[in-house]
Every structure is written in structure tokens, then in C-alpha cells.
Amino acid sequence: MTAKIDLHCHSTISDGKFTPQELVAHAAKSGVKVLALTDHDDVSGLQAAREAAVEHGIHFVNGVEISAMWKKRTLHIVGLKIDAENTALKTALDKVRIGRDERAQEMSAGLAKVGIHGAYEGAQEIAKKSILTRSHFAQFLVQSGHVKDVKSVFKKFLVKGKPGFVDHQWMNLEQAVELIVGAGGSAVIAHPGRYDLGRINMLLLMHEFRRYGGTAIEVVTGSHTPPQFQQFAKIAHQFSLKCSIGSDYHGPGLSYMAMGSVPELPAGCVPVWDDWPEKQYLN
Ligand code: AMP
Ligand code: MN
Ligand code: MN
Ligand code: MN
């Protein structure tokens with residue numbers, strides 16, 4: 001069975017292909033009944049998505065995916081049911097977006113050193129008015145013929161040790177969780193299987209995250225393999241964390257999992273939506 005809930009996806013507000021309205025229409029067509037939009041470090045698409053959800057007869061949940069640091073690594077923390085008008089959250093995200101722009105200029109300078117010029121402008125042209133992410137640089141590098149596809153572009157240019165990588169300082173994990181909780185939301189560790197932490201650090205992360213007020217982890221995500229669904233269901237249980245589901249959909253050709261094709265949580269998981277009114281729409 002596929003899940004009727006999807007609590008992680010992206011629109012043109014960050015690095016997705018569809019506008020918030022198009023994304024909601026796509027979700028509705030794909031059989032999703034409860035949807036959260038979780039753009040990177042930006043909540044400005046939520047209002048439009050919420051209005052579109054009414055039009056398409058689906059139920060919308062405010063979301064965001066915040067870039068954070070823990071032990072010198074970048075983690076993504078999803079905030080669900082946040083108040084998008086919360087001042088502290090808005091101010092902090094404004095700051096992150098300024099930092100992203102500086103980072104993009106440094107990335108471009110790094111690429112120029114290996115003979116790739118105009119990457120900042122190129123990425124900006126693809127991103128249009130949205131924030132600048134490594135995805136936009138990846139697309140620029142493919143479109144300008146420097147690499148053949150988006151998969152190899154990350155390995156060659158955009159990860160640690162490569163010319164387009166910048167060791168950016170995001171806010172720390174504790175701040176990210178506090179901002180989300182302070183805005184009335186639930187904090188969820190996005191795609192924990194992607195962080196390459198090792199067993200001890202993974203357990204330490206779960207412990208700290210809970211201590212800061214974190215609620216859940218993504219168990220079923222486009223970034224996990226089926227054995228990882230089981231692995232993280234077990235970890236969630238061990239730490240009394242709830243479980244979330246998200247496709248992490250970015251648009252056609254940009255995602256591992258299509259919307260509406262996301263498996264349900266493994267048996268025994270307590271869903272992050274367990275005490276939400278939206279739960280009634282999932283039967
Ligand atoms: P940023 O937040 O600017 O570092 O960009 C991260 C985004 O780049 C992620 O949210 C993904 O959309 C994309 N991304 C990161 N790593 C990969 C990869 N190996 N292959 C494809 N897309 C990736
Ligand atoms: Mn992304
Ligand atoms: Mn992510
Ligand atoms: Mn994401």
C-alpha cells in the first residue's frame with residue numbers, strides 16, 4: 001500500500017521544479033490527501049500552497065526544511081505545523097538565505113579556479129527568484145556541458161573536497177529545533193540514513209535531538225532503501241521518537257521517489273501525525 005500522506009517536498013521557492021500551486025495539483029492527482037510543503041530555509045510558498053490545497057480538496061500542513069550543523073556535518077531538520085508568521089523563525093530564515101547567497105558566490109569562485117566561469121549567474125538564472133542551492137549549480141553544470149548528468153555532477157564538483165564545495169556554517173541543531181518548536185511546530189530529522197554518521201554518532205544524534213525537543217525522524221523517504229525503513233523504525237522506537245513519511249519530491253527527473261508512490265510506515269511505528277486532526281483523512 002502507498003501512503004496518502006507526504007510530509008516532505010520542494011517547490012520553486014527552493015530547488016523544486018513546480019510552483020507551490022503546481023505541486024499541490026500534482027500531489028492531488030497522485031492520490032496524496034495530506035501534504036506538507038518543506039522548501040529549504042524558506043516559508044514563502046506556504047500561503048499559496050494552502051490556498052491551492054483548498055481548491056484541490058486536499059489537506060495542507062505548513063512545513064520547512066532547515067539546514068543545520070551537528071558535529072561539523074550538515075543535517076536537514078524538517079519543521080511541520082509551524083506558524084509561518086513566527087517572527088523568530090522568519091528572522092532566522094532571512095539570515096540563512098543571505099548566507100546562502102554568500103556561499104553561492106564562494107562556490108562560483110571555487111569553480112572559476114578550475115576554469116568554469118559564470119556559475120553564480122548561471123545558477124541564478126535557473127533558480128530565478130528562489131534561494132540558491134547546490135541543485136541549481138548542478139543543473140547549471142549539466143546544461144553548460146561540463147558534466148553529463150546531475151548524479152555525477154555532485155561527486156565531481158559539489159561535495160567536500162571538490163572545487164564547488166564550500167564548508168558553510170549553518171545554524172546549529174539546537175537552534176533549528178528551538179526555532180521550529182518556538183514556532184509551534186514539530187521538529188523531524190530528515191533522511192537520517194543520508195548522513196553517514198556511524199552507529200555511535202547516530203545514536204548520539206537521536207539522544208541530543210530528543211533532548212532539544214525534537215519529535216520525530218523520517219523513516220520512509222526517497223533517500224532510504226527498504227532495509228533502512230526497518231532500521232530507522234527500530235531506532236525511532238528505541239528513542240521514543242515518532243515516525244514521518246516524505247517523498248522529498250523535487251520534480252520530474254529530480255527525485256528518487258515519485259509523489260503518490262511512497263510506501264506506508266512499517267508496522268509498529270507511531271506516526272508524527274498520530275495526534276493531528278488530519279489523521280481522519282487517511283483512512
Ligand atoms: P544545499 O542545501 O544548497 O546544499 O543543496 C542540497 C540539495 O542538493 C539537496 O536538497 C538536494 O536537492 C540536492 N542534492 C544534494 N546531494 C545530491 C546528490 N548526490 N544528487 C542529487 N541531488 C543532490
Ligand atoms: Mn533540495
Ligand atoms: Mn534534505
Ligand atoms: Mn528535501
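**Exercise 1. Determine which residues of helix H2 are exposed and which are buried, and what arc the buried ones occupy.**

Solution. On one side of H2, Gln47, Val54 and Glu55 are exposed. The model is a predicted one, and the assignment is read from it directly.

Step 1. H2 spans residues 46–56, and its buried members are Leu46, Ala49, Ala52 and Ala53.

Step 2. A residue is called buried when its relative accessible area is under 20%, and exposed when that area is over 50%.

Step 3. Because an α-helix has 3.6 residues a turn, residues three or four places apart point the same way.

Step 4. Viewed down the axis of H2, the buried residues fall within an arc of 125°, and they therefore line one face of the helix.

Step 5. The cover over these buried residues includes H1, strand E2 (34–37) and strand E3 (59–70).

Step 6. Just after H2 comes Gly57, whose phi is positive, at about 70°.

**Exercise 2. Describe the site of the manganese ion (ligand 2): its donors, its geometry and the parts of the chain joined there.**

Solution.

Step 1. Coordination of the manganese ion (ligand 2) comes from Asp15 (OD), listed twice, from His40 (NE2) and from His250 (NE2), at 2.1 to 2.8 Å.

Step 2. The angles among the 6 donor atoms of this ion run from 51 to 154°, and the site is irregular.

Step 3. The six-donor octahedral class asks for opposite donors over 155 degrees apart, so a site with angles of 51 to 154° falls outside it.

Step 4. The donor residues of the manganese ion (ligand 2) follow the sequence spacing D-x24-H-x209-H. Asp15 belongs to the loop between strand E1 (5–6) and helix H1 (20–29), while His250 belongs to the segment after strand E8 (242–246), so the pair ties together parts that are 235 residues apart in sequence.

Step 5. Asp15 and His250 are both buried.

**Exercise 3. Identify the donors of the manganese ion (ligand 3) and of the manganese ion (ligand 4), and state how far each ion lies from the manganese ion (ligand 2).**

Solution.

Step 1. For the manganese ion (ligand 3), the protein donors are Glu65 (OE), His76 (ND1) and His191 (NE2), at 2.1 to 2.2 Å. Their sequence spacing is E-x10-H-x114-H.

Step 2. Glu65 in strand E3 and His76 in strand E4 (residues 73–80) are 11 residues apart, and the pair links distant parts of the chain. Glu65 is buried, with a relative accessible area of 0%; His76, at 14% relative accessibility, also counts as buried.

Step 3. For the manganese ion (ligand 4), the protein donors are His8 (NE2), His10 (NE2), Glu65 (OE) and Asp248 (OD), at 2.1 to 2.2 Å. Their spacing reads H-x1-H-x54-E-x182-D.

Step 4. His8 lies in the loop between E1 and H1 and Glu65 in strand E3, so this pair ties together parts that are 57 residues apart in sequence. His8 is buried, with a relative accessible area of 0%.

Step 5. Glu65 is listed as a donor to the manganese ion (ligand 3) and to the manganese ion (ligand 4).

Step 6. The manganese ion (ligand 2) is 5.7 Å from the manganese ion (ligand 3) and 4.6 Å from the manganese ion (ligand 4).

**Exercise 4. Classify the aromatic pair formed by Phe18 and Tyr249, and find the ring under the charged end of Lys71.**

Solution.

Step 1. The count comes to 1 aromatic pair. The ring centres of Phe18 and Tyr249 are 6.3 Å apart and the planes meet at 40°, so the pair is tilted.

Step 2. Phe18 sits in the loop between E1 and H1 and Tyr249 in the segment after E8, which places them 231 residues apart. Tyr249 is buried, with a relative accessible area of 6%.

Step 3. The charged end of Lys71 sits over the ring of Trp70, 5.5 Å from the ring centre.

**Exercise 5. Describe the surroundings of Arg100 and of Ser186.**

Solution.

Step 1. Arg100 is part of helix H3 (residues 87–113) and is buried, with a relative accessible area of 4%.

Step 2. Not counting residues up to four places away in sequence, Arg100 touches His40, Asp41, Ser67, Ile131, Leu132, Thr133, His168 and Trp170. The C-alpha atoms of Arg100 and Asp41 are 9.5 Å apart, across 59 residues of sequence.

Step 3. Ser186 lies in strand E6 (residues 186–189) and is buried, with a relative accessible area of 17%.

Step 4. Setting aside neighbours within four places in sequence, the contacts of Ser186 are Val78, Gly79, Leu80, Ile180 and Thr215.

Terms used:
Residues numbered from 1 in each chain as written. Chains lettered and ligands numbered in written order. Predicted model: local features only at pLDDT ≥ 70, side-chain atom pairs only at ≥ 80, totals over all residues. Heavy atoms only, no water. Donors = N, O, S within 2.8 Å, 3.2 Å for Na, K, Ca; no water. Tetrahedral: all angles 85-135°; square planar, octahedral: opposite > 155°, others 65-115°. Helix = DSSP H or I, 4+ residues; strand = E, 2+ residues; numbered from the N terminus. Buried < 20%, exposed > 50% of the residue type's maximum accessible area, 1.4 Å probe, protein only. Phe/Tyr/Trp six-rings, centres within 6.5 Å; stacked < 30°, edge-to-face > 60°. Lys NZ or Arg CZ within 6 Å of the ring centre and 35° of its normal. Arc of directions from axis to C-beta. Contact = heavy atoms within 4.5 Å.
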